Amino acid sequence: MAKSRVASRYSPAFSKDAAGNWIPGSPTITAYEALARTAFDQVKICFVKTDGTINDKVNIYVAAQGALLDPGVIALIQAFFDAYQFISDVVEVRSPTAQAIALGAATVSVTAALEATAKIDVQRRVTNYLTGVDPANPLTIGDGSTVKVQHAYLVSLIRGATGVVGLTDTTLTINTFAADYVIPAGYLATFSQQLSSALTWAPV
C-alpha cells in the first residue's frame, strides 16, 4: 500500500510487517471499539452495531470529540480493519451524521459577583456532556432509542455550576422541547452554542 499524506499524518499504533502492512489478527466482536480507539487517537467516540439487514456485517461509527472526523481518517480506519482477516465479519467504518443540540428558554439565577464565573462553568459542564467527554454520563452516537440528551442531567449540570443559585428547570428546552431528546440512530450530538447569550441570566 502506498503511503498517502493521510497515512503519514495519522499513523495507527498497531504493528506492521516489514513491507509496512498492518499485521492481520482476529479480535472478538467486543474488541472492535477498543481496536478503533487504540489504533487511532483521533477517535474519541465509537459506537459498534451489527447490521440489521446484512448478516455478519458490523458497522463501526467513529467520531472526534463532538465533531466528525475527516473523511481521510475514516478511510484510513477502514483500511486498518480491512487488513485484518476476519473469519466471518465484514466491517464497515462509518461517520455519523451531525445533530446540533441547542438549549433555550430557561433563566439562570446567579450570585451577582460570580456571574462571569457561572457562565464559564455552565458552558464547560454542558459542553463536556454534549460532546461526549463527561465521565459521569458519556454521550455516545445515537441508536434511535436509548441514547438521549437527558433533560434532568442538564438541569443538574447547570444547577451545580459555581455561582448558580437557581434555574427555571421546567422551561429549559433541548431543541425546542422541555424533555429528553432522543438522538437518532447513526447521529452524533454536536454543540457550539454560547450559553451566555442563549440562556437568560439573572444576577441576585
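In this predicted model, V165 makes contact with S109, V110, T111 and V204 once its neighbours within four places in sequence are set aside. V165 sits in strand β8, and it is exposed, with a relative accessible area of 52%. Its partner V204 lies 39 residues away along the chain, and the two C-alpha atoms are separated by 8.6 Å.

The residue T111 shares this neighbourhood: not counting residues up to four places away in sequence, T111 touches G163, V165 and V204. T111 belongs to the loop between β6 and α4 and counts as partly exposed, at 30% relative accessibility. Here the separation along the chain is 93 residues, yet the C-alpha atoms of T111 and V204 are 5.3 Å apart.

A further link between remote parts of the chain involves T140, which is found in the loop between α4 and β7. T140 and C46 are 94 residues apart in sequence, while their C-alpha atoms are 7.1 Å apart in space. Beyond its neighbours within four places in sequence, T140 contacts I45, C46, F47, V147 and I183. With a relative accessible area of 24%, T140 is partly exposed.

These pairs can be set against the protein as a whole. Among contacts between residues at least 6 apart in sequence, 72% join residues at least 24 apart. The protein has 6 helices and 12 strands, and of its 204 residues 44% count as buried.

Attention now turns to a pair of helices. Two packed helices are described by the angle between their axes and the distance between the axes. For helix α4 (residues 115–130) and helix α5 (residues 151–159), the axes come within 8 Å and cross at roughly 150 degrees. An angle over 145 degrees counts as roughly antiparallel, and α4 and α5 are therefore roughly antiparallel to each other. The crossing in which α4 passes α5 is right-handed. On the α4 side, the contact is made by V122, R125, V126 and Y129, which meet Y153, L154, S156, L157 and I158 in α5. By residue class, this contact divides into 7 nonpolar, 1 polar and 1 charged.

The interior offers a second view of these helices. In soluble globular proteins, nonpolar side chains tend to be buried together. The largest nonpolar core here holds 30 residues, of which I101, L103, V126, V149 and L154 touch the most other members. The elements giving two or more residues to this core are β6 (107–110), α4, α5 and β8 (164–167). Another core, of 21 residues, lies apart from it and includes V62, F80, F81 and V91.

V126 connects the two views, for V126 in α4 takes part in the meeting with α5 and is also named among the core residues that touch the most other members. Leaving aside neighbours within four places in sequence, V126 contacts L103, L154, L157, I158, F191 and L195.

What, then, covers the buried residues of α5? The cover includes β5 (103–104), β6, α4, β7 (148–149), β8 and β9 (173–174). The residues of α5 that are buried are H151, Y153, L154, V155, L157 and I158. Strand β8 thus returns to the account, as part of this cover and as the strand that holds the exposed V165.

Methods: Residues are numbered from 1 along each chain as its sequence is written. This is a predicted model: local features need pLDDT of at least 70, side-chain atom pairs count only at pLDDT 80 or more; totals for chains, interfaces and linings use all residues. Side-chain values use heavy atoms; hydrogens and water are left out. Axes are lines fitted to C-alpha atoms, for helices over the stretch in contact, and angles run from 0 to 180 degrees between N-to-C directions. Helices (H or I, at least four residues) and strands (E, at least two) are DSSP runs, numbered from the N terminus. Angles under 35 degrees count as roughly parallel, over 145 as roughly antiparallel, 65 to 115 as roughly perpendicular and the rest as oblique. A crossing is left-handed if the near helix is turned anticlockwise from the far one by less than a right angle, and right-handed if clockwise. Contact means heavy atoms within 4.5 Å. Ala, Val, Leu, Ile, Met, Phe, Trp, Tyr, Cys and Pro count as nonpolar, Asp, Glu, Lys and Arg as charged, and the others, Gly among them, as polar. A nonpolar core is a set of buried Ala, Val, Leu, Ile, Met, Phe, Trp, Tyr and Cys residues joined through side-chain atoms within 4.5 Å. Buried means under 20% relative accessible area, exposed over 50%, partly exposed in between (1.4 Å probe, protein chains only).
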